[in-house]
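Subject: Structure for you to look at

Dear colleague,

I am passing on a structure that I would like you to look through at your own pace. Please open it first, and then read the notes underneath with the model beside you.

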Amino acid sequence: MPFVERDGVRIFYEAAGEGPPVLLSHGYSATSRMWRGQVEALAPRYRIITWDMRGHGQSDSPDDPALYSEAATVGDMAAILDALGIDTAVIGGLSLGGYMSLAFHLAHPGRVRALMLFDTGPGYRNPAGREAWNRTAEARAVAFETRGLDALGSGAEVRIAQHRSAKGLALAARGMLAQFDSRVIESLEGIRVPTLVLVGEKDEPFLGATDYMAAKIPGAQKVVIPGAGHAANIDNPAAFNAAVEAFLAGLP
């Protein structure tokens, strides 16, 4: 199995297909397995790269809390592209993966051909909103510490995940799911690459964030997937894949 190693931490990834590269990042407490339907649909025309964030799936779960952060996650994404010899790619993700895709663009705008933001948000400009989000992240961490992997949620993308470390998920909640500044949300108006902003019509917590990103990102395309919740790619794969394929086919 392919891994990249960064400061002793092994990060799992897979690549399938040939063509323009697309890097897909999963949500918190999910894994790369959530993208199986997209790999099958898109690999005939694109090189689809999926991976497990640190603390998740087949990637390592280091004991040091300092090794879990937005910067470490963005660095992992860049290292995977480097390992595959890819300079620029379409960068996309769902939920936490979408936020990290925005963070990747902020750090490496020249490496992003286009953005795909699924059922996600750009963080918070208001410190009070950020603090409320972080209380939820801390609650997730405590749940994994006290209940182990039994604390995994019931979302479609989580049910198909396979994890090895509840402690890794707890540390990822505190270091990667939690947010510490407003840099990402403040970067939206400066995005100059084609951007798809997509949400399931039943994903009520992220409908407002989707509208906000679609309004702030210049030229962004907004798609609502009928009948889908937070895991839009699993809840309605036909509509999700059609929207993604249409977006990718229209890229310059």
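The notes below take up a helix, an annotated span and two pockets, in that order.

Please keep in mind throughout that this is a predicted model.

Helix 2 is a good place to begin, and it covers residues 70-83. At 1.5 Å a residue, its 14 residues should span 20 Å, and because its end C-alpha atoms are 20 Å apart, the expected length and the modelled one agree. If you count buried residues as those under 20% relative accessible area, then 11 of the 14 residues of helix 2 are buried, so this helix is largely enclosed by the rest of the structure. The buried residues include E70, D76 and T73, as well as V74, M77, I80 and L81. When you look at which residues of a helix face together, it helps to remember that an α-helix has 3.6 residues a turn, so residues three or four places apart point the same way. Just after helix 2, G85 takes a positive phi of about 70 degrees.

Turning to the annotation, the unreviewed UniProt entry places the feature "domain: AB hydrolase-1" at residues 20-137. In the model, the end C-alpha atoms of that span lie 35 Å apart, and the span is 37% helix and 19% strand.

The largest pocket holds about 510 Å³ of space, and 27 residues line it, with S95, W133, L177, F206 and H230 lying nearest its centre. Helix 3 (96-107), helix 4 (127-147) and helix 5 (156-159) are the elements that give two or more residues to this lining, and the largest share, four residues, comes from helix 4. By type, the lining of the largest pocket divides into 12 nonpolar, 12 polar and three charged residues.

The second largest pocket holds about 160 Å³ of space. Its lining is made of 13 residues, of which E14, S32, R33, R36 and T50 lie nearest the centre. Strand 2 (9-16), helix 1 (36-42) and strand 4 (47-51) each supply at least two of the lining residues, and strand 2 gives the most, with four. Here the lining of the second largest pocket divides into six nonpolar, three polar and four charged residues.

With best wishes

Notes
Residues are numbered from 1 along each chain as its sequence is written. This is a predicted model: local features need pLDDT of at least 70, side-chain atom pairs count only at pLDDT 80 or more; totals for chains, interfaces and linings use all residues. Side-chain values use heavy atoms; hydrogens and water are left out. The expected span of a helix is 1.5 Å times one less than its number of residues. Buried means under 20% relative accessible area, exposed over 50%, partly exposed in between (1.4 Å probe, protein chains only). UniProt positions are given in the numbering used here, feature names are shortened, and annotations may be inferred rather than shown by experiment. On a 1 Å grid over the protein atoms alone, a cavity is a set of points where a 1.4 Å probe fits but cannot get out, and a pocket is an open set with protein on both sides within 12 Å along at least five of seven lines; lining residues have an atom within 4 Å of a point. Grid points are joined across faces, edges and corners, and a volume is the space filled by probe spheres set on the points. Ala, Val, Leu, Ile, Met, Phe, Trp, Tyr, Cys and Pro count as nonpolar, Asp, Glu, Lys and Arg as charged, and the others, Gly among them, as polar.
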